[in-house]
Amino acid sequence: SGMYGAAKRLVFWLAAQGGMQIQLDLDRRSTTHLITCTQGDVPSEKQRKAEKWTIKVTSLAWLEESVW
């Protein structure tokens, strides 16, 4: 959420390296994490929805650490 260009490509690449699946839209039944670059800022609509549905909202740094 809130990622474009190189950051978004990095998320896709890291997820593939870690055997993870990417969903562009939130699904309360299958989405487990929302990777965002806007943590601490004003939350996006997608981030607010994730929090309401108790989906973990985390950062690109967390994804990098999880894969490596």
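Let's start with Ile22. This residue sits in the loop between H1 and E1. One caution before going on: the model is predicted.

Is Ile22 buried or exposed? Neither label fits, because its relative accessible area is 37%, and that makes Ile22 partly exposed. Buried would need a value under 20%, and exposed one over 50%.

Ile22 also has partners on the surface. Together with Phe12 and Leu24, Ile22 makes a nonpolar surface patch. The patch covers about 270 Å².

Now the largest pocket. Its volume is about 600 Å³. Which residues come closest to its centre? They are Val11, Ile22, Gln23, His33 and Ile35, out of 24 that line the pocket. So here is Ile22 again, because it belongs to that closest group as well as to the patch.

What supplies the lining? Helix H1, residues 5–17, gives at least two residues. Strand E1, 33–36, does too, and so does helix H3, 60–67. The largest share comes from H1, with four residues.

And the character of that lining? It divides into 13 nonpolar residues, eight polar and three charged.

Last stop, Thr54. Look in the loop between helix H2, residues 45–52, and strand E2, residues 56–59. Thr54 is not a glycine, yet its phi is positive, at about 55°. Is Thr54 buried or exposed? Thr54 is exposed, because its relative accessible area is 70%, and the cut-off for exposed is over 50%.

To recap: Ile22 is in the loop between H1 and E1, and Thr54 is in the loop between H2 and E2. Ile22 is partly exposed; Thr54 is exposed.

Definitions and conventions. Residues numbered from 1 in each chain as written. Predicted model: local features only at pLDDT ≥ 70, side-chain atom pairs only at ≥ 80, totals over all residues. Heavy atoms only, no water. 1 Å grid on protein atoms, 1.4 Å probe; cavity = no way out; pocket = protein on both sides within 12 Å on 5 of 7 lines; lining within 4 Å. Points joined across faces, edges and corners; volume = space filled by probe spheres on them. Nonpolar A, V, L, I, M, F, W, Y, C, P; charged D, E, K, R; others polar. Buried < 20%, exposed > 50% of the residue type's maximum accessible area, 1.4 Å probe, protein only. Patch = residues over 30% accessible without salt bridge, like charges linked within 9 Å, V, L, I, M, F, W, Y side chains within 5 Å. Areas by Shrake-Rupley, 256 points an atom, 1.4 Å probe, with all protein chains shown as cover. Salt bridge = Lys/Arg side-chain N within 4 Å of Asp/Glu carboxyl O.
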